[in-house]
Amino acid sequence: MASLAERSGAPMGERDLHDDEIAEIVRALVESDGRVQRLDLPRRRLWIKRQGSKVMPVFVALQGLAAALFRLPFLRPSPQLAPEAMQAREIERLRAFGKAGFPVPRLVYASATAMVMADAGPTIAEHMRRVRADAGAHDAFLVKGAEALGRVHAAGLSHGRPHVRDFFLADGAVGFMDFEEDPASVMPLETAQARDVLLYFLVVTSFAASPDKTCPAALDAWLRHAPVATRRELRTLASVASRILPLARLIGRVHMGSDLRRFIMATEFLMQAPLDRAESPNTAKAGQDG
Ligand SMILES: Nc1ncnc2c1ncn2[C@@H]1O[C@H](COP(=O)(O)OP(=O)(O)O)[C@@H](O)[C@H]1O
Ligand SMILES: [Mg+2]
């Protein structure tokens with residue numbers, strides 16, 4: 001039976017909570033001011049996410065500056081909104097993903113700036129940690145995430161900040177959470193999607209146990225579903241990013257932060273990746289048996 005739980009379009013504020021749970025949530029909201037909080041209740045685990053207690057990282061500010069200096073739309077940060085608007089945007093995007101058939105955490109309650117979600121289970125990052133002794137199983141998650149990201153793009157959506165920390169598994173399918181960023185509101189959809197791919201490859205290149213095998217497999221998996229316009233945009237983006245590489249390497253000699261190292265690795269991979277092959281219908285060849 002499809003319960004309220006399974007419906008993705010429940011109106012904001014609709015409750016699916018027991019009275020004792022409401023008391024616990026109110027207590028958690030009052031007693032703590034953490035941004036994301038796990039609440040282990042007798043019946044189940046819930047998550048509270050509050051907007052407004054996150055400061056803009058220096059990296060995001062620098063990114064905005066670089067976007068303006070180099071005229072690179074893909075670097076443009078999502079607009080920083082007031083907490084209420086931020087949450088409305090996150091809920092709206094969560095619903096859009098749910099409506100398109102992607103698993104998303106079920107929203108059980110929302111106030112103006114706090115949302116309470118059902119537990120979506122371990123994130124893919126957690127699954128990966130559990131199997132890290134098995135390189136094949138570990139990296140298969142990265143490929144699976146790339147495939148799911150391709151499906152997201154084929155559905156006309158962009159994630160904004162794709163990371164295995166914000167992906168989970170629901171009956172074997174990849175689900176998504178954390179929809180705070182909305183790059184498609186400040187750049188064309190295909191640019192936002194190509195940016196998703198670059199961001200996701202920051203994760204793939206740095207997490208893969210066998211990057212030489214896993215990076216191409218992940219790209220192939222994304223290409224299986226990716227819209228043509230996005231493939232084209234990714235090629236442009238990779239070539240633009242590659243022009244920043246010398247500067248990035250130079251900065252890296254002075255201070256190689258982890259963001260910078262990931263950017264260099266992902267760009268180096270994407271700029272030499274056979275993205276052109278994507279235009280031919282023969283791309284989806286066999287070769288990865290997971
Ligand atoms: N509904 C949920 N189910 C399971 N884990 C969750 C849920 N909501 C949040 N989390 C965990 O908390 C982390 C942070 O939440 P997220 O929405 O990504 O906030 P942030 O913007 O701080 O990254 C997630 O990466 C995940 O590990
Ligand atoms: Mg997150």
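1. Let's start with the metal site. In this predicted model, the magnesium ion (ligand 2) is coordinated by D178 (OD) and by two OD contacts listed for D166, at 2.1 to 2.7 Å. The pair links distant parts of the chain, 12 residues apart: D166 sits in the loop between α5 (135-154) and β5 (167-170), while D178 belongs to the loop between β6 (173-176) and α6 (189-207).

2. Are these two aspartates buried or exposed? D166 has a relative accessible area of 9%, so this residue is buried. D178 comes out at 12% relative accessibility and therefore counts as buried too.

3. The largest nonpolar core holds 62 residues, and the members that touch the most others are F176, F201, L219 and W222. Why does this core lie between domain 1 (15-50 + 81-118) and domain 2 (124-279)? Because both domains give residues to it.

4. F176 deserves a look of its own. Setting aside neighbours within four places in sequence, its contacts include F97, F102, P103, V104 and P105, along with A148, V152 and H159. The metal ligand D166 is also among the contacts of F176, as are F167 and F168.

5. Do look at the other core as well: a second, separate one has 10 residues, including I25, L41, V116 and A118.

6. Finally, the overall picture. The protein has nine helices and six strands, and 46% of its 290 residues are buried. Among contacts with a separation of 6 or more, 66% come from residues 24 or more positions apart. The accessible surface is about 14600 Å², with 56% of that area belonging to carbon and sulfur atoms.

Definitions and conventions: Residues numbered from 1 in each chain as written. Chains lettered and ligands numbered in written order. Predicted model: local features only at pLDDT ≥ 70, side-chain atom pairs only at ≥ 80, totals over all residues. Heavy atoms only, no water. Donors = N, O, S within 2.8 Å, 3.2 Å for Na, K, Ca; no water. Helix = DSSP H or I, 4+ residues; strand = E, 2+ residues; numbered from the N terminus. Buried < 20%, exposed > 50% of the residue type's maximum accessible area, 1.4 Å probe, protein only. Core = buried A, V, L, I, M, F, W, Y, C linked by side-chain atoms within 4.5 Å. Domains from an automatic or database assignment. Contact = heavy atoms within 4.5 Å. Areas by Shrake-Rupley, 256 points an atom, 1.4 Å probe, with all protein chains shown as cover.
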